[in-house]
Each structure stands twice: as structure tokens, then as C-alpha cells.
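Me: I have a structure open and want to talk it through. Can you take my questions one by one?

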Amino acid sequence: MADSDHSTTMPFVATGMDTASNRLPDADPPILLLRDWLRAQHVSQVLCRLQQRLERRYLDARGSEALDKQVAYSIACQAEVEATTAALKLQDKLPHIQARSLLGIVAKLEIIAGADRDIDDPTDFPWPHIASVLADLKEIAGSLPLERPERTVVQADCRLYQETATDLVRLEKQASDLVLGGAPVVGISSR
């Protein structure tokens, strides 16, 4: 009789939620890691766009409205940092997991190549070479059936990071009020 643990997938790392559409039976650990990483990357990008919109509103605001916008902007910045950190933590797991198939290796290379898209010039060595190896492996082993996470899942992840960021910004404000005797800290409203 087969061990039932081999067919159990772990819930997503980002929020602990798991839905039937996010399961890949008997998947390689790198494939599951890739799905989690892609989800965290997507959430990070959504929060980055939110932060950019709020930055513009904050810069355009005046008076007490500016203080409110400043707090919203600070929370958005921190939420983006939290989401990016989650994606980086997933990336850091990559060297410690072993692929069990060619598709698992494809998943590992997808993370490696995808991580560099945001950091360096993809035309510099070794990125074109890694992309070439990845394309060859996909031709031999096939591509992974990865889908963008559902909007409700992304929204839930964004809310989670925003709640964490709100708590951190509130704690920073309380600490600055204690240290500075109530004087506001740059980036945090004194309300």
C-alpha cells in the first residue's frame, strides 16, 4: 500500500491558505515552491503599484490630508517590503530542496531566471545561457501548468501584508512618541 503522505500537498506558505485549484498531486517540491514564489512575486508587484499610487497622492496632498496620506503611504511601503521578503524567503529555500523530475528542475530554473528579471540585465552572462538551458528542458520535459493566482487569493494576501504593515507602522509611531516625546518621525503621522 502506498504511503498517503506522498500525495499530500502542503498549503501555500504566503498565507497558509490552500484551495483545490492550487494543488498539483505528487508534485516535486520545487514545483510547489515555484507556485508559492510566483504568487508571492505577484502580490509584491500588486503592492508595489499600490505604493506608487499612494506616493503620488501623498506628494500631491496638502495640510492634514497630507498626514493621512503619509500614513497610508508608509503602510503601503511596509506591506510591499513584507511581500518582497516573503518571496525572497521562498527563493532562499531553493538550494535546499531536491527535484525529483525534469519538471522539478524546470521549476528551479524558472525561479532562478525569474528572480533575476527584477535585479540585473537579462542579457548579461549567465542569464541568456540559463534561459537557453531552461528552454531546452521545457522542450524535452514540457512546461509547467502554472496559472496566475485567483484575484481573491491575491487580495487576501495583500490584506495580510497590509495588516502586518499597519501593526509595524503603529509600533514605530509609538516608539518614536516615547523616544522623541511625541515629535513626529518622518514618514509617520503623529495622529
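Me: How many salt bridges does the structure hold?
Reply: Five salt bridges. Keep in mind that this is a predicted model.

Me: Which residue does aspartate 157 pair with, and how far apart are the closest N and O atoms?
Reply: Its partner is arginine 39. The closest N and O atoms are 2.7 Å apart.

Me: Where do those two sit in the chain?
Reply: Aspartate 157 is in helix H5, residues 151–180, and arginine 39 is in helix H1. They are 118 residues apart, so this pair links distant parts of the chain.

Me: Is aspartate 157 buried or exposed?
Reply: Buried, with a relative accessible area of 0%. Arginine 39 is buried as well, at 3%. The cut-off for buried is under 20%.

Me: Why would charged side chains pair up?
Reply: Side chains of opposite charge can pair when their charged atoms come close.

Me: OK, what about glutamate 110? Which residue forms a salt bridge with it?
Reply: Lysine 138 does. The closest N and O atoms of that pair are 2.5 Å apart.

Me: Which helices does that pair tie together?
Reply: Glutamate 110 lies in helix H3 and lysine 138 in helix H4. The pair therefore ties together parts that are 28 residues apart in sequence.

Me: And are these two buried or exposed?
Reply: It's split. Glutamate 110 counts as buried, at 16% relative accessibility. Lysine 138 is at 27%, so it counts as partly exposed.

Me: Where is the bridge between aspartate 167 and arginine 170?
Reply: Both residues lie in helix H5. They are three residues apart, about one turn of the helix. Their closest N and O atoms are 3.2 Å apart.

Me: How accessible are they?
Reply: Aspartate 167 is partly exposed, with a relative accessible area of 40%. Arginine 170 is partly exposed too, at 43%.

Me: Let's zoom out. How many helices and strands are in the protein chain?
Reply: Five helices and zero strands. From the N terminus on, the order is α-α-α-α-α.

Me: How much of the chain is buried?
Reply: Of its 191 residues, 37% count as buried.

Me: And the surface? How big is it?
Reply: The accessible surface comes to about 11700 Å². Carbon and sulfur atoms account for 56% of that.

Me: Which residues touch the most other members in the largest nonpolar core?
Reply: Leu34, Trp37, Ile111 and Leu144. That core has 21 residues. H1, H2, helix H3 (102–117) and helix H4 (127–141) each supply at least two of them.

Me: What does leucine 34 contact, leaving aside its neighbours within four places in sequence?
Reply: Ala107, Glu110, Ile111, Leu144 and Leu146. Glutamate 110 is the residue that also bridges to lysine 138.

Me: What about a second core, which residues does that include?
Reply: It is separate and has 15 residues, including Leu47, Leu50, Ala86 and Val169.

Me: Why do nonpolar side chains gather like that?
Reply: In soluble globular proteins, they tend to be buried together.

Me: Now alanine 40. Where does it lie?
Reply: Alanine 40 lies in helix H1. At 2% relative accessibility, alanine 40 counts as buried.

Me: What does it touch beyond its neighbours within four places in sequence?
Reply: Alanine 40 is in contact with Ala83, Ala87 and Leu90. Leucine 88 is 48 residues from alanine 40 along the chain, and their C-alpha atoms are separated by 8.9 Å.

Me: New topic. How many disulfides does the structure hold?
Reply: Zero.

Me: Why doesn't cysteine 48 have a bond to cysteine 77?
Reply: Their sulfurs are 9.3 Å apart, too far for a bond. A disulfide needs the sulfur atoms within 2.5 Å. Cysteine 77 counts as partly exposed, at 21% relative accessibility.

Me: Last one. How many aromatic pairs are there?
Reply: One. The rings of tyrosine 58 and tyrosine 73 have their centres 5.8 Å apart and their planes at 10 degrees, so the pair is stacked.

Me: Which helices hold those tyrosines?
Reply: Tyrosine 58 lies in helix H1 (residues 29–60) and tyrosine 73 in helix H2 (residues 63–93). The pair therefore ties together parts that are 15 residues apart in sequence.

Me: Are they buried or partly exposed?
Reply: Tyrosine 58 counts as partly exposed, at 24% relative accessibility. Tyrosine 73 counts as buried, at 18%.

Terms used: Residues are numbered from 1 along each chain as its sequence is written. This is a predicted model: local features need pLDDT of at least 70, side-chain atom pairs count only at pLDDT 80 or more; totals for chains, interfaces and linings use all residues. Side-chain values use heavy atoms; hydrogens and water are left out. Rings of Phe, Tyr and Trp (its six-membered ring) pair if their centres lie within 6.5 Å; planes under 30 degrees apart count as stacked, over 60 as edge-to-face and the rest as tilted. Helices (H or I, at least four residues) and strands (E, at least two) are DSSP runs, numbered from the N terminus. Buried means under 20% relative accessible area, exposed over 50%, partly exposed in between (1.4 Å probe, protein chains only). A nonpolar core is a set of buried Ala, Val, Leu, Ile, Met, Phe, Trp, Tyr and Cys residues joined through side-chain atoms within 4.5 Å. Contact means heavy atoms within 4.5 Å. Accessible areas come from the Shrake-Rupley method with a 1.4 Å probe; for residues, only the protein chains shown count as cover. A salt bridge is a side-chain nitrogen of Lys or Arg within 4 Å of a carboxyl oxygen of Asp or Glu.
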